[in-house]
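Here are a few short exercises to work through with the model open beside you. Try each task before reading its solution.

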Amino acid sequence: MSLLEEVLSNDYEYKIEYAYYLALLDILMGVPLEEVKEDINLYEHNEMYEFCAGIKKAIEFAKDKKYSEIQKEILNLKDKYE
């Protein structure tokens, strides 16, 4: 893997994880899952597929979790993204 490919890969993964974190925050604050899912269409339309992947990951994670479990996941990610 070239250095450029590595940088692009890291940037891509960072965007996915950041979108995951932000989507979890929305879910924790009570934004309905349907509204969070609507964001996927917006990002797809703008060809921002990394954000789509992160939001989908958050929805999948949160759909069978309790509030406290989502909160714990956010706390694990907080230092990295704030």
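**Exercise 1.** Find the salt bridge between lysine 65 and aspartate 64 in this predicted model, and work out how exposed each partner is.

*Solution.* Start with the contact: the side chains of lysine 65 and aspartate 64 come together at 3.4 Å, N to O. A salt bridge needs these atoms within 4 Å, so the pair qualifies. Next, take the accessibility. Aspartate 64 has a relative accessible area of 58% and is exposed, whereas lysine 65, at 31%, is partly exposed. Finally, look for a ring: lysine 65 also lies over the face of phenylalanine 61, 4.8 Å from the ring centre.

**Exercise 2.** Which helix holds both lysine 37 and glutamate 34, and how many residues apart are they?

*Solution.* Both sit in helix α2 (residues 33-45), three residues apart, about one turn of the helix. Their side chains form a salt bridge at 3.6 Å, N to O. It is one of five in the structure. Glutamate 34 is exposed at 53%, while lysine 37 is partly exposed at 36%.

**Exercise 3.** Classify the ring pair of tyrosine 14 and tyrosine 18 as stacked or edge-to-face.

*Solution.* There are three aromatic pairs by the centre-distance rule, within 6.5 Å. In this one, the centres are 6.0 Å apart and the planes meet at 10 degrees, so the pair is stacked. Then place the residues: tyrosine 14 and tyrosine 18 are four residues apart in helix α1 (residues 3-28), about one helical turn. Last, check the confidence: α1 has the lowest mean pLDDT in the chain, at 82.

Methods: Residues numbered from 1 in each chain as written. Predicted model: local features only at pLDDT ≥ 70, side-chain atom pairs only at ≥ 80, totals over all residues. Heavy atoms only, no water. Phe/Tyr/Trp six-rings, centres within 6.5 Å; stacked < 30°, edge-to-face > 60°. Helix = DSSP H or I, 4+ residues; strand = E, 2+ residues; numbered from the N terminus. Lys NZ or Arg CZ within 6 Å of the ring centre and 35° of its normal. pLDDT = per-residue confidence, 0-100. Buried < 20%, exposed > 50% of the residue type's maximum accessible area, 1.4 Å probe, protein only.
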